[in-house]
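User: I would like to go through the labels attached to this model and see what each of them rests on. Could you set the values against the definitions as we go?

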Amino acid sequence: MDEKDRYEAGMQVRRAVLGDAHVDRSLKSINEFNAEFQEMITRHAWGDIWTRPGLPRHARSLITIAMLIGMNREGELKLHLRAARNNGVTRDEIKEVLLQSAIYCGIPAANATFHLAQEVYDELGVESLGES
């Protein structure tokens, strides 16, 4: 796959996972300073990694959530909690990831994420991230 194809594949997955509204906001905020970074993450994070056949998107969402908890990256975590809905992740599956994270990342990290996840559920007006 050449660079153009990788970018296009990445943009397609990025839209499917994060949603058009988020991606459109990101594209509107591109400027001379961040343009190369935006192209790089679309091409490599989304085009190289998220398009790989080794894991379904559902599993990638759960792994990403767990890693972001461990890194204490609240902004990205909230984004990926929302995105998990697009990948069919349920509230019960997120709960299991949070319980697992409590053991491996610490109680405070998991506690903060339980609160953050509830904010996302309330914001979306759904009982489960898997619901419409």
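User: Why is arginine 15 called partly exposed?

Analyst: This is a predicted model, in which local features need pLDDT of at least 70 and side-chain atom pairs count only at pLDDT 80 or more, while totals for chains, interfaces and linings use all residues. Residues are numbered from 1 along each chain as its sequence is written, and side-chain values use heavy atoms, with hydrogens and water left out. Buried means under 20% relative accessible area, exposed over 50%, and partly exposed in between (1.4 Å probe, protein chains only); arginine 15 has a relative accessible area of 26% and is therefore partly exposed.

User: What makes aspartate 20 and arginine 15 a salt bridge?

Analyst: The term requires a side-chain nitrogen of Lys or Arg within 4 Å of a carboxyl oxygen of Asp or Glu, and the closest N and O atoms of aspartate 20 and arginine 15 are 3.1 Å apart, which satisfies it. By this rule the count comes to 10 salt bridges.

User: How do you know that aspartate 48 and arginine 6 tie together parts that are apart in sequence?

Analyst: Their side chains meet in a salt bridge at 2.7 Å, N to O. Aspartate 48 lies in helix H3 and arginine 6 in helix H1, so the pair links parts 42 residues apart in sequence; helices here are DSSP runs (H or I, at least four residues), numbered from the N terminus.

User: Is arginine 6 buried or exposed, and why?

Analyst: Arginine 6 has a relative accessible area of 15%, and therefore counts as buried. Its partner aspartate 48, at 26%, counts as partly exposed.

User: What does arginine 6 touch?

Analyst: Taking contact as heavy atoms within 4.5 Å, arginine 6 touches Met1, Thr42, Arg43, Gly47 and Asp48, not counting residues up to four places away in sequence.

User: How do you know that the length of helix H3 agrees with what is expected?

Analyst: The expected span is 1.5 Å times one less than the number of residues. For the 15 residues of H3 (residues 35-49) this gives 21 Å, and the end C-alpha atoms are 20 Å apart, which agrees.

User: Which residues of H3 are buried, and what do they pack against?

Analyst: The buried residues of H3 are Gln38, Thr42, Arg43, Trp46 and Gly47, and they pack against H1, helix H2 (20-28) and H5.

Note on methods
Helices (H or I, at least four residues) and strands (E, at least two) are DSSP runs, numbered from the N terminus.
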